[in-house]
Amino acid sequence: MAGVGDAAAPGEGGGGGGASGQERDGRGEAEQPGGSGGRGPPPTPQHTETLGFYESDRRRERRRGRAELSLLRFLSAELTRGYFLEHNEAKYTERRERVYTCMRIPRELEKLMVFGIFLCLDAFLYVFTLLPLRVFLALFRLFTLPCYGLRDRRLLQPAQVCDILKGVILVICYFMMHYVDYSMMYHLIRGQSVIKLYIIYNMLEVADRLFSSFGQDILDALYWTATEPKERKRAHIGVIPHFFMAVLYVFLHAILIMVQATTLNVAFNSHNKSLLTIMMSNNFVEIKGSVFKKFEKNNLFQMSNSDIKERFTNYVLLLIVCLRNMEQFSWNPDHLWVLFPDVCMVIASEIAVDIVKHAFITKFNDITADVYSEYRASLAFDLVSSRQKNAYTDYSDSVARRMGFIPLPLAVLLIRVVTSSIKVQGILSYACVILFYFGLISLKVLNSIVLLGKSCQYVKEAKMEEKLFNPPPTSTPGKPSNKSQNKCKPSQEENPSASVTSQPTHQKENVIPLLVTSNSDQFLTTPDGDEKDITQENSELKHRSSKKDLLEIDRFTICGNRID
């Protein structure tokens, strides 16, 4: 025991100090300054003993902080917590602009729809009003040609040949439609179940789009084969096979639209309206299939044209349904008010679906509402350019290519339904028919004048006037258009002050006619030796504005993956 006390004594006096000695004495280094002059180490803080452990200042502060955290203090912090939206001003400004864009979409979309529907109406009325007169003038020229002599190598102008072909196709298909029994088709469709009719209607919509995509190519092939210069080497099967193909197409497409109208008529006449409700809900399925896909401006333009065509076709189908129902009820005007709520419901659902679809597509793809004014200017450009001297197509054909609306099958069906529903007997009835025809001509002329004026206004606002006097993009088969235009400069410049209603000028016979091709066609058909020109053209395409690209897109480029 004495040894232990002696061993501990030097530690206490030497300042080397064991910690155990200081703890037992209860005195710190503050009582023993240590060293001479008070220059020893600073005193260490006194620790409190808790169950044999010594807690530090950090642990004491942590315990004090936990004591301060209470439920009331947490609720007070949550109720008084603030934040500043201006710290992320760009984000919230963008969200506000999206809301404003969605609010502007209905107005801008309906302005485009109304303009497009009147364009379709103008092309549709052309078949009933001006086309018969043009066919009569062409036949009169053909029969009186020996009296005036052959001043030109052509017996008829290309436009007159196309008019005669359209008139003959209409007459033949009209007489062929008499062999189709509408009443038998109605009762056959009415006997089917609701689910089967719903599937049939969806199949008919798909078939209608396929017929429209291939039908205009058949008609264009017929027109070009019939008017192609005879000096060229024959590279076609002949006019007669193309003519029979066109007649068969128009007849089958008219029957297809007739089945659509009959199915819609069955839905209107069903007692519980379940089929009509299912057919209307089919429009909302369209939202699911298109909203969550990536859309560029060109693709949205294509879909807008398709919606215009679909809406106008539905209006004509509703007209056919009303005519058939009014005939069954002996033209009782009271029954028209029975059909009126269902007609309004179908139209309202179509408008609502289009607005919702376009609003969310523009939101998800960051497309502004101003793009619809560009689409309207592109449609107006088609109308104005069809009145130019260098026009290469009829306006009704340009509408068919742009929107996919082909008026011939729909006109054949409407003539068939009207002639079977309305009986004309007596002189007074024929006088009413003549007055109605003159009324249609007046409506067509008035509609054309208003559309032409509005189209000129839209083209001027879009600053596209200089493009009206440029020749259409042309190239020889397999050659790019830029090289042909650089080698062969036009001998005469177009007069910018030319009227939009003047007749097209006829080219000289020694000039080789050029085929209209798009830039994508040039890429696919250009030989390997012109790769440098291709790269230059592609670089120009990337920097080209969207307005110029819209003029090169027709109804069916989306099917061929030709949209840039």
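Helix α5 has 40 residues, and the distance from its first C-alpha to its last is 58 Å, close to the 58 Å expected at 1.5 Å a residue. The model in which this helix appears is predicted. Helix α5 contains a kink of about 35 degrees at Arg-104. The kink lies shortly before a proline, Pro-106.

The protein chain as a whole comes to 22 helices and four strands. Of its 564 residues, 38% are buried. Contacts in the chain were also examined by separation in sequence. Among those between residues at least 6 apart, 84% join residues at least 24 apart.

Helix α12 covers residues 274-290, which is 17 residues. From first C-alpha to last, α12 reaches 26 Å, close to the 24 Å expected at 1.5 Å a residue. Several of the residues in α12 are buried, and these include Leu-275, Leu-276, Met-279, Met-280 and Ile-287. Asn-282, Asn-283 and Ser-290 of the same helix are buried as well. The cover over the buried residues of α12 includes four other helices, namely α10 (194-227), α11 (239-269), α13 and α14 (333-364).

Helices α5 and α13 also take part in lining a pocket. This pocket is the second largest, with a volume of about 1,200 Å³. Its lining is made up of 36 residues, and the closest to the centre of the pocket are Phe-128, Ile-415, Val-418, Phe-436 and Leu-440. At least two residues of the lining come from each of α5 (89-128), α6 (130-143), α8 (158-177), α13 (297-328), α17 (407-421) and α18 (427-461). By residue type, the lining divides into 32 nonpolar residues, three polar residues and one charged residue.

Two residues in loops were examined for their backbone angles. Asp-366 is found in the loop between α14 and α15 (371-385). The phi angle of Asp-366 is near 55 degrees, a positive value in a residue other than glycine. Asp-366 has a relative accessible area of 55% and is therefore exposed, the cut-off for this class being over 50%.

Lys-463 is placed in the loop between α18 and β3 (474-475). For Lys-463, phi is near 60 degrees, again a positive value in a residue other than glycine. Lys-463 counts as exposed because its relative accessibility is 64%.

Conventions: Residues are numbered from 1 along each chain as its sequence is written. This is a predicted model: local features need pLDDT of at least 70, side-chain atom pairs count only at pLDDT 80 or more; totals for chains, interfaces and linings use all residues. Side-chain values use heavy atoms; hydrogens and water are left out. On a 1 Å grid over the protein atoms alone, a cavity is a set of points where a 1.4 Å probe fits but cannot get out, and a pocket is an open set with protein on both sides within 12 Å along at least five of seven lines; lining residues have an atom within 4 Å of a point. Grid points are joined across faces, edges and corners, and a volume is the space filled by probe spheres set on the points. Ala, Val, Leu, Ile, Met, Phe, Trp, Tyr, Cys and Pro count as nonpolar, Asp, Glu, Lys and Arg as charged, and the others, Gly among them, as polar. The expected span of a helix is 1.5 Å times one less than its number of residues. Buried means under 20% relative accessible area, exposed over 50%, partly exposed in between (1.4 Å probe, protein chains only). Contact means heavy atoms within 4.5 Å. The bend at a residue is the angle between axes fitted to the seven residues ending there and the seven starting there.
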